[in-house]
Structure formats: structure tokens, C-alpha cells
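The following exercises are to be worked with the sequence and the model at hand. Each task is followed by a solution in steps.

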Amino acid sequence: MIFLRRQLPLLITMITGLLFAGQYYVPHPSSELLLTSATKWLQIIGGFALVLGITSLFHQHAVKIRRQEAGWGYSLVLYAGMLVTLAAGALAKGKESLDGAMTGFGWVYSFMLVPLQGTMFAILAFFIASAAYRSFRARSREAAVLLVAAVIVMMGRVPLGEYLIPLSGDVSQWILNVLNASVRRAILIGVSLGAIALSFKIIFGVERSYLGGGKE
Amino acid sequence: MTLSERMLKIDRRIIFLVIGLCTLLPLLYPVGLPIKISPEVRSIYEYIESLPERSVFLLSIDFDPASKPELHPQAIALLRHAFRKNLRVVAMTLWVSGTGMADQLLTQVAQEMGKEDGKDYVFLGWSSGGTAVIISMGQDLYKAFPSDYGGKATKGIPVLEGVQSLKDVAYAISLGAGNPGVEAWYVFGKDKYKFELGGGCTGVIAPGLYPLLRSGQINGLIGGLRGAAEYESLVGQKGRAVAGMDAQSATHFAIIVLVAICNLFYFSLRQQQGRSRQS
Amino acid sequence: MDATTLGAWMATGLTLFIFSFLYKDNPLFKLAEHLYVGVSVGYHIVKIFDSVVVNLIYKPIVEQEEIALLIPVAIGLLMLTRYLPKAAWMSRYAFAFIVGVGSGLAIPRTISAFILKQVEDTVRPLLSMAGGDGLTFSMNLLNPASNLNAIIILIGVSSVLFYFFFSIEHSGPGKVVARTGIVFLMIAFGAAFGYTVMARMSLLIGRLTDLIEFSDASYGHPTLWLLIVTVAALFLLARRRQQEPPEAH
Amino acid sequence: MDCRHPRWAAAGFCFLVFVISVGRVFAQSALTAPSDLQVIDTPNDGGESLTVLWAPGPSDNPDARYEVLFGAASATDPAALKAIAEFPANTRYVKDAKTAWWTRKAEGTWHQYVIRNGKGVEMKNGTAYTVTVAMRKGEGRAVGPLLQATPSPNWFNWNQFNNLILALGFGGLVFYTISHAKRNNIFLRRIPGLDAVDEAIGRATELGKPILYLTGAHDMGDPSTIAAAVILGRVAKRTAAYETELMVPHREPITMAVCQEITKQAYLEAGKPDLFKEDSNFFITSDQFSYTAAVDGIMLRKKPAANFFMGSYFAESLLLTETGASTGAIQIAGTDSDHQLPFFVTTCDYTLIGEELYAASAYLSKEPIQIGTLRGQDIGKAVILSVILIGTVLATVGVATGGSWPQLFLDFFKDLK
């Protein structure tokens with residue numbers, strides 16, 4: 001039993017890990033085939049995982065409605081939104097448009113999802129301003145550097161800034177292409193070393209917390 | 001609480017209001033600040049200028065409502081230019097979710113310029129197959145689109161007279177928000193059927209398309225709202241994008257001013273605290 | 001009222017409700033938020049059903065007899081054993097598979113894209129041969145490939161990389177290098193922040209132009225009416241809260 | 001199958017053809033056919049491709065052009081072949097192609113052309129084809145010998161040999177440093193963000209408010225999510241000990257399931273299994289912004305005292321952190337998404353930048369395995385740093401002296417496909 005519960009999962013991780021690490025070095029078409037089918041497999045497994053998520057969501061809101069917790073009416077709204085979308089999707093066979101004409105499902109997409117998503121995203125415009133106001137204070141030398149770089153780039157990006165200070169466009173390009181690029185490069189190198197080390201530890205069973213257990 | 005302290009802890013809703021107004025007002029009342037035109041946008045404009053009247057201009061509207069803010073104004077400016085030059089406009093889309101929007105857009109500009117459906121322009125709509133549609137259009141346009149968006153048979157539409165395939169297109173532009181988009185039009189279209197190709201895209205993917213531009217695979221590139229604003233000022237009809245750039249300038253300066261104010265108060269507060277500590 | 005007009009009203013209303021969040025958390029926002037979650041989950045289920053169940057499972061297995069696809073189906077089903085306390089451990093096989101594939105794929109690809117590629121781009125000669133002039137040192141700051149910029153990039157990459165050393169105390173000369181690294185980091189963060197402002201403002205402009213478009217008479221002025229409704233609702237809610245006796249704290 | 005002609009035979013054959021073709025084009029001044037022509041299966045690829053190599057000729061200048069001719073194996077006459085490529089005679093050198101010295105099949109000064117499927121070429125693995133190269137100048141044309149080769153797929157890509165060596169080397173290093181760390185003490189410098197973790201949990205306990213923990217946007221196969229899940233385990237252990245409420249909203253069901261297990265285990269280890277609630281980890285939706293709207297709602301209504309943002313994030317980062325800041329929560333972020341770092345750094349109290357996210361679990365656990373890994377990463381960085389510095393010096397020397405020997409070292413750190 002211990003083998004089935006503990007060792008076998010680790011063995012599965014090791015075998016799949018080594019297989020797909022090795023896959024990269026093999027240009028043969030059969031190796032490509034392996035990769036495409038694995039991607040398909042992962043998609044299928046991910047589809048099943050959605051069941052886990054939906055059950056959890058259903059459960060949370062069912063509890064709220066049953067106990068009539070504060071705001072349980074909104075849980076009903078959530079259910080209604082989901083069911084209507086599902087019904088529209090079923091009627092339209094999952095297509096936003098059939099023969100070029102918009103379906104009910106497409107309507108939900110264009111007039112509900114897109115504006116909702118766009119508006120939530122647009123709120124960032126307000127938040128980026130308030131974040132700048134709160135945190136762009138020259139508290140220290142580092143904060144001052146951050147502040148100056150941000151202001152220069154903001155100037156260089158819009159017509160008015162280029163009009164007032166003609167050099168700002170070029171300077172901001174230089175900051176972005178040279179200074180910013182070098183920092184991102186260093187961060188990427190560091191991050192990838194960490195990621196590779198973690199991957200090795202997982203493949204060889206040193207790191208196993210993802211299985212949800214401590215040490216045996 | 002001193003003034004500085006109060007200003008530093010200002011209710012952020014005031015900032016929201018400032019940003020909201022700085023965006024809304026220029027959109028309603030555009031100023032039209034001068035915009036530096038980049039060579040990649042100018043080359044598209046000049047290519048269309050150089051086309052003889054009644055040349056075939058293909059516009060592929062490859063985006064959906066999610067990318068509308070940036071690409072919609074580009075499409076309008078390009079269509080206005082093409083109609084003014086009396087080109088034959090053939091529009092289509094490779095993104096099914098963009099079909100309705102594309103139709104609306106074309107009808108609106110055509111009405112405004114007094115153009116007639118079927119005679120001056122046609123909207124082919126969407127056809128399944130993704131990039132395969134481009135290949136099939138390269139072989140036979142009428143096979144790829146047997147009928148236009150309105151359901152009329154494409155064979156015999158006056159605007160398509162003498163057009164057999166993509167080879168008869170003088171200039172094609174893809175306004176792409178992803179895949180299929182500009183790149184697909186190069187790989188499956190221009191590379192095989194030898195027509196001139198230009199591109200338009202969202203600001204996010206523009207850097208990725210510059211290699212295509214540098215190697216001459218596309219002859220020009222309109223990037224994001226900024227590119228759209230440049231094109232609008234070239235065409236001389238300042239629209240939404242120019243207004244948008246005014247709004248951009250206004251909000252950027254609003255933020256810069258806010259940051260300057262907050263630092264001013266921050267330093268005066270520090271001075272006050274320094275003084276009170278000394279005394 | 002046709003579908004587009006109705007859509008304009010719906011889109012306008014939802015946009016305003018979400019924006020009301022900027023004022024404060026309120027029932028209108030809660031309504032839009034819960035509707036959004038519901039619709040997005042519904043949309044996701046439909047899309048997953050269409051792409052996974054129909055196109056990846058049903059069609060290939062039934063029509064093309066790709067029996068091998070039954071294996072991922074079985075692995076997927078194993079995940080559902082989580083609901084049976086006795087058999088819950090079997091769901092580990094699914095996790096093991098996913099994490100194993102992920103780690104395996106990551107190693108060589110990360111080395112290629114994020115280590116070799118980055119090192120390759122950083123290692124640049126600090127002198128260049130310019131035509132017949134022999135060796136030169138190009139100072140053009142605007143060309144990212146010039147020699148001067150190559151030196152700056154080299155300094156940036158090395159100092160930031162040094163900042164990330166964890167098992168060395170940042171003292172002595174190390175402190176200077178690490179401080180340089182921090183300055184580079186801050187410049188990059190500031191620049192990226194400033195750069196992003198434009199993209200975010202474009203989104204707001206997009207939403208506002210939609211609202212302006214929907215204030216058109218052809219739709220029946222939804223923006224105007226719904227704006228009045230939203231503001232009135234917020235006002236009434238604020239009034240009601242004021243009238244309620246303050247709770248004891 | 002490699003169908004490489006022995007070089008001397010090819011040379012002899014070429015000479016013969018050379019004599020004939022020289023005779024044919026004699027009137028056109030000395031136009032020479034490509035010499036030492038070789039056609040081989042393209043090495044290190046997935047097949048359906050052939051590579052043509054030939055020596056530089058005396059008239060390799062821009063006004064002369066090379067033409068690559070291709071046809072079925074049965075073709076014996078150049079006229080039966082199809083021209084599939086044409087280019088100026090001073091282009092397409094072996095040294096221009098992005099390869100490393102250890103996989104080159106000819107000198108850098110030779111010409112090379114790789115025939116691939118597409119553009120009028122259709123090759124199948126295991127079928128032989130006839131290929132040759134002609135030189136053209138004005139009206140004159142000198143055709144090289146007709147050679148045959150068969151494309152086939154390969155089992156190892158030697159171009160990526162350096163990648164493999166680095167992977168094995170670094171993997172070995174990590175395991176060595178882990179075993180080293182088990183025996184020795186290793187110094188670790190302080191990371192301020194991590195001291196704040198305890199402080200944040202402590203404050204939540206004092207205020208009697210919950211803690212919100214997010215694991216990011218990626219799925220369980222991504223290292224950043226795994227790191228976030230590992231840190232969640234440590235945080236959950238503390239919240240269990242302090243008896244503080246923990247909320248972990250998810251946007252990826254598998255991550256949710258895994259985190260449930262991890263949280264359960266943490267409560268067990270803290271000796272408080274009865275306090276564990278299955279629904280402290282819950283799913284909202286996979287959609288980016290509806291998830292954000294819902295989490296913002298949670299922040300405003302439950303007013304957590306501490307928000308943790310670990311893992312990988314996209315545009316939603318600022319929407320989350322600004323809302324969190326407005327409720328006055330302590331915010332600690334850790335992400336390897338470099339594009340979102342500016343927003344976390346400016347709006348959170350503490351941010352674990354990039355690699356520090358991976359380092360965090362080592363600090364929190366103080367386990368030799370984790371500390372050893374960190375040490376391994378440090379050595380890896382030191383190696384890369386020295387490669388960059390040495391490489392720059394060598395590349396500069398290479399340019400200054402015109403020598404090609406620095407490439408022996410530099411090629412090893414190129415990303416080759």
C-alpha cells in the first residue's frame with residue numbers, strides 16, 4: 001500500500017519528467033508526436049479538473065444560500081448567470097456565431113463578458129494613478145531613482161511630452177531598451193536557475209510537497 | 001493634521017476623478033496635439049496614395065471586440081483613406097467573433113463617404129479554416145467566399161470584377177490582434193501570391209512584428225492607438241485615436257503633476273518633522 | 001428592441017456598475033461581480049465541453065478510434081477520487097503526471113530560452129570593426145547594439161545577478177556591486193511602470209469611447225439613463241446607511 | 001541514412017564535370033562549376049531536409065549567382081532538375097549559419113544551402129533525391145555534378161549538446177550542494193520580506209482578522225506555483241499554531257486540490273487537525289478578471305489583515321494590490337513575473353523579487369535540502385557571471401585580432417536549435 005500511495009506517484013513523476021526533458025533533444029518526428037499527444041493529454045486532464053473547481057464553487061454558494069448568510073442573494077445571481085450562459089451555450093452548440101450570425105451565446109460574450117472584462121481591466125488606469133501617487137515618493141535614493149525613471153518614460157511616451165521635451169522620447173527608449181533589458185535579463189537568468197533546480201528536485205523526488213504530504 | 005499630511009493621505013477617489021476627467025474631456029472635445037509621424041506608418045499611407053484609382057484594396061479585420069479600442073480607429077482611418085482614393089475595398093475577417101463588429105464598421109464608414117455596397121466595396125465576412133482561408137483565397141477567391149456577408153453570391157459583384165484570387169489584389173492590410181493575423185497573412189499570403197502587404201496591430205504585439213518590417217516582409221506597420229492617431233493625422237480626419245492620444249497626454253501629465261505634488265508635500269512634511277524634532 | 005440595442009443597454013449597465021466600485025463597494029458592484037463570475041464560469045464550462053469533451057475525447061475516440069486517449073481520461077477520473085476519502089490518494093497519480101511533465105518540459109526549454117539566449121545576447125565584443133576604419137568603439141546610445149550600450153548592459157546584468165546571491169554577505173566591495181544592482185532594478189521598475197501607464201489608459205479610453213458611442217440616440221441613450229440610475233442608487237444607499245442608527249463599537 | 005560521398009571521389013568526379021562544363025562555357029570567360037560538392041541528409045533534424053555543401057570558387061562575387069537544382073533520384077540530366085533557390089555567389093557561407101563548431105560538416109568558408117519542404121520542394125524520408133548546384137553569370141551557367149542523397153530523421157540533436165551538458169552539470173551541482181548542506185552549515189543573507197511573514201500573521205491574530213493567500217495564475221506544473229504552494233504550507237502551519245483564519249481563493253482547480261492537501265498536512269503537523277477546514281481553499285473561476293473582481297470583493301468585505309501574493313501574475317496584480325492597500329492590510333508579494341514586479345514593488349510592503357520567491361521556502365523551512373539548493377543556484381549564477389565576463393573579453397579579443405579561436409568557447413554558450 002505504501003508503494004501505491006507514496007512511491008508510485010514519485011516514480012510516475014520521475015519517469016514522465018525524464019521522458020519529457022529528454023524529448024527536447026530528440027528531433028525525430030516520433031518525439032514531436034510524443035509532445036503533441038502529451039499536450040492533448042494534459043488538456044483532457046485539465047478538463048476533468050474543472051469538475052473539482054465547479055464543485056467547490058457550487059458548494060461555497062450553496063452553503064451561503066442554505067444558511068442565508070449575508071449577501072446570499074448574490075449567490076443566486078451567480079447561479080443564474082452561470083445557468084443562463086450554459087443554456088445559451090448549449091443552444092448555440094458552444095459557438096459564438098453560426099453561419100456568420102451571432103448566437104445567444106455570442107451575445108453573452110460580446111455584451112456581457114467583453115464589457116465586464118474590459119471595465120475591470122480599465123479600472124487599472126485609475127489604480128495605476130493612485131499607486132503612483134502613494135508610492136512615488138523620494139523616501140530614499142532608490143525610490144528617487146524609480147520615480148525619475150518612471151516620469152521620464154511617461155513623458156517620452158505621449159505627444160505632449162515629446163513636444164515639451166523633444167529628447168524625452170529618445171531617452172525613454174534608451175532606458176527601456178538598454179537599462180530595462182539588462183535588468184530583465186538578469187532576473188530571468190536567476191529565476192530560471194531557480195526553476196531548473198526546483199524541476200530537478202521534483203523529478204528526483206527530493207521536493208514532494210506538491211503531493212500534499214510532509215516527510216514520511 | 002497639517003496640510004501636507006492631509007494631502008499625502010488624500011482620498012484616492014479624488015485621484016480617480018482627476019484621471020476620469022482627464023480621459024473623458026479630451027475624448028469629448030479633442031485638441032489635436034501635433035503627433036510625430038513614424039516612418040512605418042507613413043509608408044503605408046504613401047503606398048495607398050500611390051495606388052491608381054479602382055485598384056483592389058483588401059482589408060482583413062482580424063480582431064474581436066476585446067481589441068476594439070486600438071484597432072477600430074485604425075480600420076476607420078484606413079477605410080476613409082481607401083474610399084477617398086476611390087479604391088475598390090474588399091473587407092473580410094479571419095476572427096469569427098469580430099464579424100458583426102467588422103460589418104458595422106464598414107457600413108458606417110461607407111455611409112459617411114457615400115459609397116455603395118457591391119459597387120465600391122464588399123464585405124466577405126468570415127469563413128472557416130483559419131489560415132487555410134488565406135491559401136484558398138490565393139487559389140480562388142470565389143471558392144473561399146462563395147457568398148458575401150449579406151449572402152449574395154460573390155461571383156458577379158461589380159466590385160470584384162477581374163479579381164480571381166489574391167494575385168489580383170494591389171494592396172492588402174491585416175489588422176491583427178493575434179493569430180491568425182499579420183504574420184499569417186505574410187506566411188500564407190504574400191509569400192506565395194506576391195501582393196504588397198501592410199500590417200496593423202495592438203501595442204502589445206507591435207514589438208514582435210518589427211522584425212517583419214525590417215526585413216521588408218510587410219511594407220509598413222500601424223502599432224496601437226498611437227499608430228492609429230498618426231494615420232488619422234495623415235489622412236487629415238482627426239478621429240477617435242487622435243482624441244485618445246490627447247487623453248493619453250492629459251492623463252500622463254495628470255499623473256506626473258500628482259507625483260510632483262505628492263513629493264512637494266512629502267518634503268515639506270519632512271522639513272516640518274525635522275524642525276519639530278530639533279525644537 | 002433588437003439584440004444589439006439590448007446588448008448596448010446590458011453592456012452599458014454592467015460597465016457603470018463595475019466602475020461604481022471606484023466610489024466604494026456597493027450592491028451594484030456586488031451584483032455585477034457575482035454575475036461576472038457566474039457568466040465566466042458558464043462560458044468556461046461551455047468552451048471546455050466543446051474543446052475537450054467533444055473535440056479531444058468524444059470525436060477522436062469514437063470516430064477515429066484513438067483508444068490511447070482513454071488513458072488521460074482515466075487519469076482525469078482518478079482526480080475525482082478526491083471525493084471518496086478512502087480512495088483520495090489515487091488523485092495523486094494525476095498530480096504526479098502533471099507535475100512530472102511540467103518539470104521535464106521546463107528544464108531544457110528554460111536553459112535554451114532564458115539562460116543560453118540571454119547569455120548569448122549579453123556576450124558582445126566591446127569593440128567593433130567598422131568598415132575600413134579598423135577597430136572602433138561605438139558610442140551611439142540610441143543603438144542598443146553599440147559598444148557603449150554593450151558595456152552598460154554588461155554592468156547591469158552582472159550587478160543585478162550579484163544582488164541575487166543569497167549565500168554571500170553583501171559587504172565590502174560586494175556592497176557596492178549589490179547597491180548598483182538595486183539602482184538598476186529600481187530604474188527598470190520605474191521605467192516599466194511608466195511604460196505601462198499608456199497601455200492601461202488605452203483600456204480606459206476604450207471603455208469610455210464605448211460609453212460615448214452608447215449614449216447615441218439610436219440605442220435610446222442607455223449611457224445617460226443608466227448613469228442617472230447608478231448615481232441615484234448610490235445616493236439612496238448612502239442616505240439609507242446614514243439614517244440607520246450607528247452600531248455600537 | 002547519411003549518403004555522404006567520400007570526399008576524394010567527389011573531387012575526382014567534380015573535376016571531370018568541371019572539365020566538361022568548362023569546355024561548354026568556355027566562351028563565357030572562366031566560369032567554374034561549384035567544386036567539392038556534397039549533398040548530405042541534414043544532420044540533427046527531424047528529417048525531410050537535405051544540406052548541400054561546396055567549396056568557395058574563384059568567382060564568388062556579387063554579380064555571379066549560385067543556383068540550387070533539385071529533382072527526383074532518377075534524373076540524370078540537369079535540365080530535368082528544378083531550380084529551387086538562387087542567390088549571389090558571395091552569400092550563404094557555413095559560418096553564416098547559426099551552428100556550433102562541433103556540428104559543422106565543412107569549413108566556415110564553404111557554401112551551404114539547406115533544402116527544406118515547401119516552395120516547390122516536397123521530400124519524403126527514406127526516398128533519394130538528386131541535387132546539384134550551378135553557377136550563373138550573365139548568360140553563362142556551369143553545373144556541378146549531380147549527386148544523390150536521402151533525407152532521414154535523426155535521434156539526437158547535437159546542436160543542443162551544450163544545453164544537455166549544462167542541464168546535467170547544473171542538476172549534478174544542485175544535488176551535490178544539497179548533500180553538502182546536510183553536513184555543513186551554510187550562511188544565508190537576510191531577506192527582509194520574509195521576516196515580515198511572521199509579523200503579518202501575528203498582526204492578523206491580534207486583530208482577529210483572516211489572512212488571504214493567493215497562489216498565482218499558473219497551473220501546478222509551473223515552478224512559481226509550486227514555490228507558492230510550498231510557502232503556503234509554511235504559512236498554514238503558522239496560522240494553525242496561532243489559530244488564525246486562512247483564505248486561499250484559487251483560479252486553477254488542480255492547484256486548489258493540491259493546496260488543500262498541503263494545508264491539511266500543515267494543520268496536522270501543527271497539531272491542530274480539528275481546526276482545518278476543507279473550504280479554506282476554494283475555487284472561484286479560471287477567468288482572469290472575474291477572479292480579480294471576486295478577490296477584490298473578498299478583500300473589501302472580509303478585510304483580511306494580511307494579503308500574500310505568491311506565484312505568477314499578469315495584469316490583475318495592481319487591481320489586487322491597490323484594493324488590498326486601500327483596506328490597510330499588510331501585503332507581501334513574491335513573484336517571478338518580471339513584468340508585474342514594478343507594481344508589486346510599489347504597492348506592497350514587501351516583495352520577493354524573482355528568484356527570492358524560490359529562496360523563500362528555504363528561509364522559512366531552514367531545511368538543508370532547500371538551503372543546499374540555494375547554494376547550488378548561487379554557484380550556478382557565479383558560473384554564468386564568469387562566462388559572461390570571460391566571454392566578453394574573448395569576443396573583444398576575437399574582434400581585435402580577427403582570430404576565430406574564441407568561438408571554440410563562445411559557441412558553447414549559444415542557444416542553438
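**Exercise 1. Place Thr392(D) in its helix and determine its surroundings.**

Step 1. Thr392(D) belongs to helix H10 of chain D, residues 368–401; helices (H or I, at least four residues) and strands (E, at least two) are DSSP runs, numbered from the N terminus.

Step 2. With a relative accessibility of 3%, Thr392(D) is classed as buried. Buried means under 20% relative accessible area, exposed over 50%, and partly exposed in between (1.4 Å probe, protein chains only).

Step 3. Leaving aside residues up to four places away in sequence, Thr392(D) touches Val123(C), Arg124(C), Leu126(C) and Leu154(C); contact means heavy atoms within 4.5 Å.

Conventions for all exercises: the model is predicted, local features need pLDDT of at least 70, side-chain atom pairs count only at pLDDT 80 or more, and totals for chains, interfaces and linings use all residues. Residues are numbered from 1 along each chain as its sequence is written, chains are lettered from A and ligands numbered from 1 in the order in which they are written, and side-chain values use heavy atoms, with hydrogens and water left out.

**Exercise 2. Is Pro273(D) buried, exposed or partly exposed?**

Step 1. Pro273(D) is found in the loop that runs between helix H5 (253–269) and strand E11 (281–283) of chain D.

Step 2. The relative accessibility of Pro273(D) is 45%, so this residue counts as partly exposed.

Step 3. Beyond residues up to four places away in sequence, Pro273(D) touches Tyr267(D) and Leu268(D). From Pro273(D) to Ala240(D) the C-alpha distance is 8.6 Å, with their positions 33 residues apart in sequence.

**Exercise 3. Describe the overall form of chain B.**

Step 1. Chain B contains 11 helices and 6 strands. Its radius of gyration (over C-alpha atoms) is 24 Å, well over the 19 Å given by the globule rule for 279 residues, so chain B is more spread out than a compact globule. The globule rule is 2.2 Å times the number of residues to the power 0.38.

Step 2. The C-alpha trace of chain B spans about 90 × 35 × 35 Å along its principal axes.

Step 3. The domain assignment, automatic or from a database, gives domain 1 (3–30 + 253–278) and domain 2 (39–238) in chain B. The centres of domain 1 and domain 2 of chain B, over C-alpha atoms, are 45 Å apart.

Step 4. Of the 279 residues in chain B, 56% are buried.
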